[in-house]
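Hi,

Here is the structure I promised to pass on. Have a look first, and then read my notes underneath.

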Amino acid sequence: MKFIIKCLPVFILGVILFVPSALADNTVKRIGGSTRYDTAVLAAKQSWGEAKTVIITGGTSYADAIAAAPLSYQKNAPLLFTNKDQLSAGTKKGLIDLKTKNVIIVGGTPAVSKNTENQIAKLGISVKRLSGSTRYATAAKVAGEMTRSSTALVVNGFVDADGMAAISYASAKKYPILFTNDSTLNGSTSNAIKSLGIKNTIVIGGTSSISSSLYNKLPNPSRISGKNRYNLSVNLAKKTGLSTGYTFVTNGFKEADTIVGGVLSAKQGRVHLLTNGDSLSKDVRTYIGSKNITSFTVIGSASSLSNNAASQLKNPVVGKTVFIDPGHGYQDSGATGNGLLEKNVNLDIATRLNNQLYGAGALTVMSRKGDTFDSLEERVNKGAKANADIFISVHANANDNSSANGTETYYDKTYQSANSLRLAQNIQPRMVSALGTRDRSVKTAGFYVIKYSKMPSVLLETGFVTSPIDANILKQSTKKDRLAAGITQGVSSYFR
Ligand SMILES: [Zn+2]
């Protein structure tokens with residue numbers, strides 16, 4: 001009996017853990033320690049195992065770390081951070097675990113003190129320091145250690161976002177990163193351009209980062225910019241030709257984690273995207289959708305890249321474009337009953353659906369956002385123009401007999417018949433359970449918007465405004481929120 005009592009909970013737990021999931025979410029792996037130092041060590045251990053050479057920079061000396069990153073790639077050396085005055089405990093343990101023999105400190109003693117250098121040496125590690133009197137000079141020193149390249153990136157040394165976003169690009173192309181300010185070329189940088197034989201320069205960032213007049217003074221310049229750091233990371237990803245088989249995603253405002261992400265993505269030949277840490281940036285969603293990326297590694301703890309953003313990556317709806325069409329509008333009220341105008345009910349539900357789907361990671365486009373009217377043909381055209389993955393038309397029903405009630409979903413067999421049916425089957429039961437209405441099931445009908453939309457499309461009849469039972473339900477905000485959540489879950493499930 002004792003045996004059974006002891007083993008039963010373990011057995012049950014085992015069963016719970018190993019229930020196979022038939023429908024897969026996207027894969028999200030998180031590499032995050034409790035501090036920036038620990039995160040960098042974790043990333044190094046997972047990606048390298050052992051590393052004969054390690055590069056170390058000051059924990060807040062982001063310019064040094066950005067300049068060091070392409071060298072880290074060339075030396076196959078992970079990049080770790082330390083406190084200025086003392087070798088950080090996690091980093092010390094990391095060097096021991098990685099069985100490191102050589103450390104290259106990038107940055108001067110104001111970033112990594114002589115004491116810290118001595119503490120590294122005491123571990124039996126040979127230490128070399130690459131530093132100049134300024135960030136420009138340090139970057140030039142690092143460039144001098146790299147394999148000669150006739151092309152260099154030129155980045156504003158005080159705009160971390162530009163340099164961080166460019167790490168995987170610079171590394172993959174074997175380009176050093178040289179620094180400037182926005183309008184004048186620093187002496188260290190211009191000397192490096194001459195002495196290293198740089199014939200071509202690629203400026204990262206817009207004219208507020210590096211002015212046009214400075215740009216025009218650079219050798220054979222070209223420019224890669226973005227409207228913000230997220231967009232810049234996407235534009236760079238498009239130019240790297242790196243794999244999106246799995247993709248690194250970091251909070252673009254957490255420098256240390258983003259630099260580690262850049263180094264890791266370079267090491268593994270993967271794209272690296274910068275996002276808002278609370279909710280995925282729109283540009284990032286669009287890129288994920290266009291490349292059908294389903295596997296991600298995020299760097300940093302949940303206080304860096306939030307669990308919400310990680311959930312969005314995990315949701316198969318991430319980056320998919322959902323076209324939402326609130327039926328009727330303006331002079332066309334649609335069905336009326338029990339004090340309800342269908343056009344208003346539709347817009348209310350569609351707006352809630354729009355918010356929930358965007359919150360889940362989708363891209364959304366609505367045919368109308370106010371009390372306006374589009375012809376059915378215009379609605380179909382707007383859906384096509386949005387290049388939507390799916391089309392959802394939101395309606396409410398009516399009948400002369402007020403006892404008619406319930407929820408139904410329509411699809412049409414003209415285009416994408418099987419997928420439209422599957423979409424309807426994913427949404428219908430979730431609407432019914434969200435509202436507690438009668439299940440009138442999935443049906444076919446040649447309604448214009450679902451007949452002529454070429455993507456998988458459905459038309460939802462949420463309930464009967466003419467039914468006192470349904471009208472009462474459709475008047476409740478909590479019910480409408482639950483409905484929007486149910487439809488969102490159905491859509492997510494459709495994309496699994
Ligand atoms: Zn209608």
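Below is what turned up, starting with a sheet and ending with a metal site.

This is a predicted model, where local features need pLDDT of at least 70, side-chain atom pairs count only at pLDDT 80 or more, and totals for chains, interfaces and linings use all residues. Residues are numbered from 1 along each chain as its sequence is written, and side-chain values use heavy atoms, with hydrogens and water left out.

First, the sheet. It is open, with four parallel-paired strands in the order S3-S2-S4-S5. (Strands are DSSP runs of E, at least two residues, and helices are runs of H or I, at least four, numbered from the N terminus; two strands pair if DSSP finds at least two bridges between them.) Strands S3 (79-82) and S5 (126-130) are at the edges with a single partner each, so one side of each has no neighbour in the sheet.

S4 (residues 102-106) and S5 run parallel and are joined by five bridges, with valine 103 standing opposite valine 127 in S5.

Now the zinc ion. Its protein donors (N, O and S atoms within 2.8 Å of the metal, or 3.2 Å for Na, K and Ca; water is not among the atoms, so sites may look incomplete) are His328 (NE2), Glu342 (OE) and His395 (ND1), at 2.1 to 2.3 Å. Histidine 328 sits in the loop between S13 (321-326) and S14 (336-337) and histidine 395 in strand S17 (residues 390-397), so the pair ties together parts 67 residues apart in sequence.

Cheers
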